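Open the model in your viewer and show side chains as sticks. This tour goes from one aromatic ring to the next.

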Amino acid sequence: MKEDPATGVETVDVLSAKVQKEIIKAAHEAAETSGGSLYAKRLQIYPKDVSGAFRRFKWAALVVLLGIYYIAPWIRWDRGPGVPDQALLVDMMGQRAYFFWLETWPQEIYYLAGLLILAAVGLFLATSLFGRVWCGFACPQTVWTDLFMWVERRVEGDRNARIKLDEGPLTLEKALKKIAKHSGWLVISLLTGGAWIMYFTDAPTLTRDLVHFQAGQVALFFIGLFTATTYVLGGIAREQVCTYMCPWPRFQAAMLDEDSMIVTYEAWRGEPRGKHKAGTDWEGRGHCVDCNQCVAVCPTGIDIRDGNQLECIGCGLCIDACNHVMGIVKLPRELITYDTISCSAARAEGRPTRYRLVRPRTLIYSGLFAVVGLVMLGTLLTRASFDVNVVRDRNPLYVTLSDGAIRNGYTVKILNKSRESRSFELVAHGLSRAELSLSGQEALPGALALTAQPDSVTSYRIFLRAPEAAVLDETTVMAFSVTETGQGETVTHESVFRGPAR
Ligand code: SF4
Ligand code: SF4
């Protein structure tokens, strides 16, 4: 890196994306002619430290998100005796997921499906409005990579110091720095893996077990697994995860249009680029002084001046870097800016700019988000304290009794979500003079009394019997209703009654 004595702007020698691509292309050609492999060695990226609004926002997002991640498993929520008091817990052994006041069963997996759909549509909406904000600020890969880079800078120094260190011979100082850096990464990875496991088990108990070396093998295996993945993805693979492994960059372009906010280089203002001498005129040339600061700070090592690229995670650090340079050369900021393509084009032509947040795609995503959100809210508000499932016997479909009556068999399952044993009445509708009975008992007209065990699924084998004259079709659509004695809460389940062909 050298400082232009005239302007005071530091010029960084970097391999621009264009040059990088040429190197890779040349490597491929060389490999082909030599009959060798097409493997291109990774070009190590040394992102430079930068300060500015986007950097501060990234730090704020990192602190908030990591704070939530590490603190959440420690929040307690009293649910009564014998039940986990962890506010957020996925209890695999107990087959329950707890979210503060909400306790869901495996049978209610549709809540998880609804949440995932909400998250996906929310991401589509955010991307169509503000570009890759998820990638740039909130994705765990970005957050942990940022944290790992912070450790790296504290230990090995900024960009130039790190390049010098890597290019230099192995000395005691270099070895100690590398050991310190990787140790720091491993500690963060271990805390990450450990915290993740705490969402699946009682956090204080697991911590106590770990401190006393009494943690189970399953817990240790998963802590090890998540420690290793965090270390490899955040410390070693870094930008390669975004560029090669993550599917999101491949299809996020479908959510963007010319009115989406993206990080963009105002080429109309910056070109033709070139070095600039202090005191000389800006007439006939662009504002880009070709200092490469924007490339040097980029965590994915690209040159945003080459246009919008798949590798750009929209972090805005190149904006901070360029704003700093523009301040030095006393030109307006925002040569690289966070803007829409249509506004950038309008500025280039001297037309007034117009931001269009309300567009067909944002309306569709908002509508979808609202519909899914309302459906989920509706199902949550009307959620019954018990659920019923009825499975009809398929073999035999029906039995003709000695008196000519037709009998069908069913398995009725009552999922009692409360912690007390509860009484229910089962009634069959849609079949005249039908009688219900529990397996092994005599059929009686009217309701069948059932008792469901607390906090579990209780199964009953039942028979429904109807006189031959009442069975008019081969298939009669009917329903079972289960009503809680006392509370009057009713759940109805549709079914069919099968008889002989008429
Ligand atoms: S866009 Fe800005 S930071 Fe990048 S090379 Fe030009 S002047 Fe430097
Ligand atoms: S080009 Fe700019 S916004 Fe895109 S990843 Fe690089 S620094 Fe971040």
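Select F226 first. In this predicted model, F226 has a relative accessible area of 24% and is partly exposed. That value falls between the 20% limit for buried and the 50% limit for exposed, so F226 belongs to the group in between.

Now add W196. Its relative accessibility is 34%, so W196 is also partly exposed. Measure between the two rings: the centres of W196 and F226 lie 6.2 Å apart. Their planes meet at 75 degrees, so this pair is edge-to-face. The cut-off for that label is over 60 degrees. Colour by element next. W196 sits in helix α7 (residues 172–197) and F226 in helix α9 (residues 217–237), so the pair links parts of the chain 30 residues apart.

Widen the selection. Which cluster do ring pairs build here? Y69, Y70, W144, W196, Y199, F200, F221, F222 and F226 are linked into it. The structure holds 22 aromatic pairs.

Jump to W77 and F100 for another of them. The ring centres are 5.3 Å apart and the planes stand at 90 degrees, so W77 and F100 are edge-to-face. W77 lies in the loop between α2 (53–71) and β3 (88–91). F100 lies in the loop between β4 (96–99) and β5 (102–104). The pair therefore ties together parts 23 residues apart in sequence. W77 is partly exposed, at 33% relative accessible area.

Finish with charges over rings. Select R96 and W105: R96 lies over the face of W105, 3.5 Å from the ring centre. Then select R407, which lies over the face of F463 at 4.0 Å from the ring centre.

Methods. Residues are numbered from 1 along each chain as its sequence is written. Chains are lettered from A and ligands numbered from 1 in the order in which they are written. This is a predicted model: local features need pLDDT of at least 70, side-chain atom pairs count only at pLDDT 80 or more; totals for chains, interfaces and linings use all residues. Side-chain values use heavy atoms; hydrogens and water are left out. Rings of Phe, Tyr and Trp (its six-membered ring) pair if their centres lie within 6.5 Å; planes under 30 degrees apart count as stacked, over 60 as edge-to-face and the rest as tilted. Helices (H or I, at least four residues) and strands (E, at least two) are DSSP runs, numbered from the N terminus. Buried means under 20% relative accessible area, exposed over 50%, partly exposed in between (1.4 Å probe, protein chains only). A charge sits over a ring if NZ of Lys or CZ of Arg is within 6 Å of the ring centre and within 35 degrees of the ring normal.
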